[in-house]
Amino acid sequence: SASLIEASMDLGADGFQTLRYVVLPNIATALLAGGMLAFARAKGKPFQIDEWGVWGPNAAPFVEGMAAFLRAKLPHLAAWNARRRPLAARYLAQLAPLAAAGHLTLPHVPAWADPVWHLFVIRTARRPALQAHLAAQGVGTGIHYPIPPHLSPAYRAAGWQRGDFPLAEKFADEVLSLPIGPHHTAAQIDFVCATVCDFFQK
């Protein structure tokens with residue numbers, strides 16, 4: 001049977017991000033529990049996705065317990081997505097000056113697109129230092145993903161080497177997911193933005 005393990009990351013005394021892990025025999029998958037899927041502090045935690053070990057769908061066996069869990073959440077999906085959009089807009093507006101200055105790259109949203117913002121991913125060449133700065137202020141972040149697929153064990157038989165897909169490798173070294181979820185407040189997002197700005201303005 002699946003066991004549910006809950007881990008929290010705090011911003012001060014407030015629960016800032018919550019992860020719930022469903023651990024199945026020989027396979028683990030992280031399910032969204034209202035907040036972003038964050039692996040910023042995954043080292044030493046019971047579950048971590050750093051690389052793809054097998055080729056195939058990115059899903060766990062759809063057992064009854066998982067189905068019940070997701071069925072209870074599904075009616076809330078539209079409202080949760082609606083709450084994410086203004087939070088993403090705050091990120092885009094407040095971090096735009098840093099992007100214009102070349103400190104980071106923001107997500108590009110085509111005019112025809114209406115993202116649900118499951119993740120808010122920026123890119124910066126100073127990722128390790130920025131991630132450490134945010135962590136020092138109690139802000140959890142994530143890396144989706146630190147190892148590009150072509151360098152993972154799942155694709156080892158293809159014989160690809162570092163340098164074969166330079167853009168994928170560059171992005172894997174730079175991507176950083178900032179907190180975003182329907183449980184977050186505008187004030188929390190503003191705090192993250194202020195912390196990011198403080199880092200680059202030093």
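This is a short tour of a predicted protein model, from the whole chain down to one pair of helices.

Local features here need pLDDT of at least 70 and side-chain atom pairs count only at pLDDT 80 or more, while totals for chains, interfaces and linings use all residues. Residues are numbered from 1 along each chain as its sequence is written, and side-chain values use heavy atoms, with hydrogens and water left out.

**Stop one: the whole chain.** Select the protein chain and show it as a cartoon. You will find five helices and five strands, taken as DSSP runs (H or I, at least four residues, for helices; E, at least two, for strands) and numbered from the N terminus. Follow the sequence and the pattern reads β-β-β-α-α-β-α-α-β-α.

**Stop two: the surface.** Now switch on the surface. About 11000 Å² is exposed, with carbon and sulfur atoms supplying 59% of it (Shrake-Rupley method, 1.4 Å probe). Of the 202 residues, 38% are buried, meaning under 20% relative accessible area.

**Stop three: two helices.** Next, select residues 127-136, helix H3, and residues 186-201, helix H5. Their axes, lines fitted to C-alpha atoms over the stretch in contact, come within 10 Å and cross at roughly 130°. That makes H3 oblique to H5: the angle, on a scale from 0 to 180 degrees between N-to-C directions, falls outside the classes under 35, over 145 and 65 to 115 degrees.

Show side chains for the contact (heavy atoms within 4.5 Å). H3 brings Ala129, Leu130, His133 and Leu134; H5 brings Val192, Thr195, Val196, Asp198, Phe199 and Phe200.

Notes. Buried < 20%, exposed > 50% of the residue type's maximum accessible area, 1.4 Å probe, protein only.
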